[in-house]
Amino acid sequence: MVVLNNLYEDVKARVERAEQQQMKRRKEVGGWIREVEDMEKEVHEILQRGDQEIQKSCLGCCPRNCWSSYRIGKAASEKLVAVSGQIGKGHFDVVAEMLPRPPVDELPMEATVGPQLAYEKSCRFLKDPQVRIMGLYGMGGVGKTTLLKKINNEFLTTSNDFEVVIWAVVSKSPDIEKIQQVIWNKLEIPRDKWETRSSRDEKAAEILRVLKRKRFIMLLDDIWEGLDLLEMGVPRPDTENKSKIVLTTRSQDVCHQMKAQKSIEVECLESEDAWTLFRKEVGEEILNSHPDIPMLAKVVAEECRGLPLALVTLARAMAAEKDPSNWDKVIQHLRKSPAEITGMEDKLFHRLKLSYDRTLDRGGFMGEVHDIHEARDQGKKIIKTLKHACLLESGGSRETRVKIHDVIRDMALWLYGEHGVKKNKILVYNKVARLHEDQETFKLKETEKISLWDMDVGKFPETLVCSNLKTLFVKKCHNLKKFPNGFFQFMLLLRVLDLSDNDNLSELPTGIGKLGALRYLNLSYTRIRELPIELKNLKNLMILIMNDMKSLEIIPQDMISSLISLKLFSIYESNITSGVEETVLEELESLNDISEISITICNALSFNKLKSSHKLQRCIRGLHLHKWGDVISPELSSSFFKRTEHFRGLYISHCNKLKEVKINVEREGINDMSLPNKIAAREEYFHTLRNVVIEHCSKLLDLTWLVYAPYLERLHVEDCELIEEVIRDDSEVCEIKEKLDIFSRLKSLKLNRLPRLKSIYQHPLLFPSLETIKVCECKSLRSLPFDSNTSNNSLMKIKGETSWWNRLKWKDETIKHSFTPYFQIHEAEAYSTDTEESETGSIDDMQEQPVETTELGLVLEVLTTAGIQLALSSGALRFLVGCRAGSCSNPFLLSWDLSFIGCFRCPALFPSNCIVIHGAQSAGKLVNVQMQGLISAGFGWDPLEYGGSEAASNLPVVCRRWNLHGGCSAGSI
């Protein structure tokens with residue numbers, strides 16, 4: 001029995017060790033252990049009975065009951081045989097096996113704060129059988145992994161149909177075999193079978209064999225590029241297997257590559273949630289240690305703009321700081337050099353830099369173009385790449401706007417400044433006084449780009465020694481009337497000069513004519529009365545923008561024709577007489593390299609000049625017909641549209657006698673213009689027009705001619721008193737509608753103050769691309785051209801007054817119910833916090849402006865480094881920048897557009913890395929970028945001002961900067 005006991009102890013010890021490793025004893029082993037334990041009891045009983053018989057024996061040796069003794073001896077003999085047999089059975093190679101893993105493993109995580117909206121969307125889509133692959137995307141540190149963990153752990157407590165939940169981290173450089181190992185561990189494929197699979201393909205086949213029989217959900221965290229699921233052995237989810245995949249990524253493109261049916265952006269926290277997270281991480285003890293600290297802590301938290309990683313990093317850095325003065329210092333560092341704060345560089349900026357590096361790796365900014373139109377397309381691709389990489393964010397409901405997060409901007413400044421090799425190459429000032437300081441330290445001699453605005457400055461230094469300067473922005477200097485004569489004397493390498501939005505600047509120094517290397521000049525929104533004749537000397541100038549120069553009276557004769565390198569010219573809303581207007585057209589026609597023109601025409605002579613010149617027609621991008629007092633019915637032929645291959649927008653305003661626009665439809669070599677030929681001409685000749693704005697035309701009756709604009713995307717009609725129908729219902733229109741749908745590409749329709757308007761069109765339209773409708777003060781419009789076939793796939797909102805919406809008539813209630821969720825109250829009825837959808841902005845959006853354009857900006861320069869120039873286009877990008885706390889006395893909205901968009905490596909046009917963001921240090925960080933292929937014309941917003949805390953409290957998109965006294969010092973849209 002001793003041998004058996006020893007064996008029993010050995011086996012039991014092995015089982016206990018295995019069970020401590022979460023293994024389960026084999027049933028055979030468990031049975032053997034129980035048998036040994038029972039046998040030990042039985043042997044103990046036999047021995048007890050034997051002892052009792054010995055005690056009862058006569059004279060200590062003769063049993064009194066021989067039969068009883070015999071039975072005890074026999075039992076002992078049998079038990080010895082049994083013990084021997086039990087010893088033979090007790091030599092086990094394996095005593096325990098791995099426990100079957102639960103369907104879902106709980107992942108460690110702290111209590112979460114937000115993002116609730118993304119979580120609710122995720123849960124809803126997980127229940128949707130049509131959504132088989134779902135992507136969660138967002139900038140680094142926004143909480144995607146946390147959200148995915150929350151989804152994983154939710155399966156622990158909620159009933160679901162999945163047999164197994166698989167969590168795998170993919171990371172930047174995916175290791176497929178490592179991911180396969182994770183899947184193997186979860187699926188409990190026998191080790192012997194797995195280890196015989198030596199190659200990746202064999203392991204994939206084994207995983208596929210198992211997963212095909214299971215309903216699974218796979219959670220893939222941190223994907224940087226599209227994965228081949230079958231390469232890992234994962235069958236693509238479908239309606240048959242009812243499995244699902246949820247992934248997280250920093251790039252929306254990856255969601256598309258993975259063929260996700262739904263993509264959800266994980267956004268930064270709202271202010272309340274951000275403060276809750278910051279407070280939790282910093283601790284109540286610190287917050288209560290001094291009465292000033294809670295207020296200061298809120299300022300610090302606000303600087304993070306809701307980015308969880310930044311909130312946690314800063315909170316932990318401050319978790320031992322009980323001295324308010326240290327909090328003051330951190331706030332100053334955040335506004336000037338955030339990388340100096342503990343943890344910001346290592347834990348935040350380096351992680352965010354990965355997104356930037358990855359964007360470069362994917363070749364997002366490569367390309368060399370020399371054509372201005374190709375350059376614009378390249379620029380749009382760059383913005384799209386940055387947006388999909390979450391380095392830029394959506395700025396609202398329209399695809400034309402994006403914004404940059406504060407922390408991404410800080411990372412960009414760190415990357416280009418402290419971390420980069422071009423320190424001091426880009427300088428940003430909000431005070432002219434700093435120019436004097438840096439001139440003393442010789443910093444200006446190194447710099448290549450300067451961005452400056454100072455609302456209080458009235459006088460600049462007599463001269464600046466900037467021998468390497470290539471880009472200069474001087475904007476929003478409202479007290480500036482003129483520059484010193486020698487100001488530009490030592491800037492001979494200057495290539496980009498933006499002086500727009502200096503609304504009191506009345507003259508240019510003659511020294512500007514010495515800037516022989518200048519490629520870009522923007523004088524929009526200034527009070528310059530006369531252009532200096534010395535501008536003739538700018539033989540390398542390629543872009544000249546002079547929009548909304550109300551005081552402009554004199555353009556020296558032959559000045560424009562002397563600009564022999566000019567490619568882009570824009571002069572909108574400027575005060576030039578009809579004679580000068582015609583001369584400008586003639587001089588533009590004489591230029592060999594001109595390729596884009598945006599211009600306002602105020603008389604029939606100039607219009608006829610444009611119609612007679614094939615060259616001018618080929619260059620026209622934006623055309624504004626303004627104050628034609630005698631014109632009743634201007635005519636545009638299909639041959640005109642054929643030649644205007646870059647014509648994107650038509651703007652007609654204040655033409656008080658205009659009743660209609662005539663379109664003469666014709667095709668070369670074809671006399672019979674029957675309907676089929678008209679339809680063919682429609683597709684062949686009218687395909688470029690994208691945007692139409694009609695304003696203050698009191699006699700206009702309808703816009704039926706728009707049926708010949710098949711690719712029209714935006715239509716805005718305002719203050720036209722007599723118009724009753726947008727599209728008149730006649731036989732030709734009906735036939736066109738039967739063959740080709742009207743407004744099939746229309747995205748935005750805005751109808752304002754049209755008191756007699758009764759109908760957009762009398763019959764239902766499909767509107768497959770429609771995103772927004774805005775109707776304001778159109779009291780006679782009682783129906784919309786909608787029926788059950790009208791699409792709402794792209795629709796985001798229908799804005800109007802409640803009374804108007806309630807009076808609308810519908811063919812049946814189901815149509816009304818399908819569109820009611822999209823209705824929103826118009827700003828005219830209730831103040832809207834969606835400032836980017838304000839009516840001012842809406843009008844402006846319709847007229848993609850080339851206005852005051854600059855290069856893209858300091859942040860985007862960093863994001864698009866490696867020798868790429870973003871040439872900024874007529875209205876393709878607009879930035880809205882506001883002041884930071886303490887940087888100025890009034891908040892302001894600064895808007896400008898980009899001269900022409902695109903990547904340029906053309907050394908003749910721009911220096912290397914010609915991209916700068918306006919206002920890096922002193923301005924607010926919300927950047928609003930307008931990207932539209934609209935009229936290259938300048939109907940720019942005037943500066944708007946929003947006052948103090950009221951603006952900040954009413955505008956959710958406001959970048960708030962709270963000063964240390966608790967007041968709102970600025971709010972920038």
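**Exercise 1. Count the salt bridges.**
How many salt bridges does the rule give?

*Solution.* Start with the rule: a salt bridge is a side-chain nitrogen of Lys or Arg within 4 Å of a carboxyl oxygen of Asp or Glu. Apply it, and the count comes to 26 salt bridges. The model is predicted: local features need pLDDT of at least 70, side-chain atom pairs count only at pLDDT 80 or more, and totals for chains, interfaces and linings use all residues. Residues are numbered from 1 along each chain as its sequence is written, and side-chain values use heavy atoms, with hydrogens and water left out.

**Exercise 2. Place the pair D161 and R215.**
Which loops hold D161 and R215?

*Solution.* Step one: the two side chains form a salt bridge, 3.7 Å from N to O. Step two: D161 sits in the loop between α5 (144-157) and β4 (164-171), and R215 in the loop between α8 (200-211) and β5 (216-223). Helices (H or I, at least four residues) and strands (E, at least two) are DSSP runs, numbered from the N terminus. Step three: the partners are 54 residues apart.

**Exercise 3. Judge R209 and E206.**
Is E206 buried or exposed?

*Solution.* First, the bridge: R209 and E206 meet at 2.3 Å, N to O. Both lie in helix α8, 3 residues apart, about one turn of the helix. Next, the classes: buried means under 20% relative accessible area, exposed over 50%, partly exposed in between (1.4 Å probe, protein chains only). E206 has 3% relative accessibility, so E206 counts as buried. R209, at 34%, is partly exposed.
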